[in-house]
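Let's take a friendly look at the empty spaces enclosed inside this protein. Keep the model open beside you as you read.

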Amino acid sequence: MNTASHAPGRLVAYGCLALSMSLVGSYVALSKPLVAAFPVLLLAWLRFGIAALAMPHWLRRPPGEAPMSGRTRGLVFLESFLGNFLFSICMLFGVSLTSAVSAGVIMASIPAVVAIGSRVFLRESITTRVALAIACAAFGIGLLALAPAGAHGGPAAGASMPWLGNLLVFCAVVCEAAYAVIGKSLTGRLGPKRISSLINLWGFVLSTPFGIWFALRFDFGAVSMGLWSLLFVYALAASIWTVWLWMTGLKSVPASQAGVFTVMLPVSAALVGVLVLGERLSTVQGVAFGLALLGVVLATWPSRRS
């Protein structure tokens, strides 16, 4: 089926996938100042609204692209509800209760969760290597969760419920895995630009009731110009750049192989947390991060056949 856009070369696709996940990890970490200034549901609504104003021309069906079937419309809604709306809510609430470094460790389990989703929904077999990867990721997350609150360095060290923040980040991981699986199916039906605009529009619709309720009670004049600038960049990165880059890369790369590039998400989130937000990488987090990354390598290392 003609999706009205040509698949990029393999190297270009790899670059798109790596840059997409790097941007996701970066804006996840940098969203901490935003969740401190805005209610989470208002922040999500503003994000979707800003992005919707930036890409209305992407909503039009390009010449040569077939009309959406009922199944495609359902996949678009699920892609937005799980991978866009719920991911944003869980991640924003999660990073407000835990550190960016901890969030990065937990997000390192994405390839393993994608493998489970592929097994359940795509009937793909889970090899011994992938099973070991899942075990490494689970042990790394468990080590982080069992660590005392004082072991979580940085601004979130004094959080009263760091376990809840970590749980919400893991829920975001599950949403991100669903986003990867559904996204591969959509790239065979729609172009990357149209997918980006449609799922963002659904995110705006879903968040509008909450956004309006919080907006009527929020003092927008108290927000500094620096935070408004950060919000603008966050909206463009989260709803436009990362989605378009990921969908563009998926057109040329199998979903299972694309999973290797999710390693850039936790790495960039942790680096931003340490280098920009002043968080420290504790010994417990370092070990957990190493185990999670080992799971990433085991789950995504290409086989000889591929």
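## Helices around the largest cavity

In this predicted model, four helices each give at least two residues to the lining of the largest cavity: helix 1 (10–37), helix 3 (70–97), helix 7 (162–186) and helix 9 (225–250). The volume of this cavity is about 120 Å³. To find its centre on your screen, look for Tyr 27, Gly 83, Tyr 179, Ala 238 and Thr 242, the closest to that point of the 15 residues in the lining.

What classes of residue make up the lining of the largest cavity? Nonpolar residues account for 8, polar residues for 5 and charged residues for 2.

## The second largest cavity

Next comes the second largest cavity, which holds about 40 Å³ of space. Its lining is made of Tyr 27, Val 28, Ser 31, Arg 47, Phe 87, Ser 88, Met 91, Leu 92 and Tyr 234. Two elements, helix 1 and helix 3, contribute two or more residues each. Helix 3 has the largest share, with 4 residues.

Sorted by class, this lining has 6 nonpolar residues, 2 polar ones and 1 charged one. Tyr 27 is worth a second look on your screen: it is among the residues closest to the centre of the largest cavity, and it also lines the second largest cavity.

## The whole structure

How many cavities of 30 Å³ or more turn up in a search of the whole structure? The search finds 3, and the two described here have volumes of about 120 Å³ and about 40 Å³.

Definitions and conventions
Residues are numbered from 1 along each chain as its sequence is written. This is a predicted model: local features need pLDDT of at least 70, side-chain atom pairs count only at pLDDT 80 or more; totals for chains, interfaces and linings use all residues. Side-chain values use heavy atoms; hydrogens and water are left out. On a 1 Å grid over the protein atoms alone, a cavity is a set of points where a 1.4 Å probe fits but cannot get out, and a pocket is an open set with protein on both sides within 12 Å along at least five of seven lines; lining residues have an atom within 4 Å of a point. Grid points are joined across faces, edges and corners, and a volume is the space filled by probe spheres set on the points. Ala, Val, Leu, Ile, Met, Phe, Trp, Tyr, Cys and Pro count as nonpolar, Asp, Glu, Lys and Arg as charged, and the others, Gly among them, as polar.
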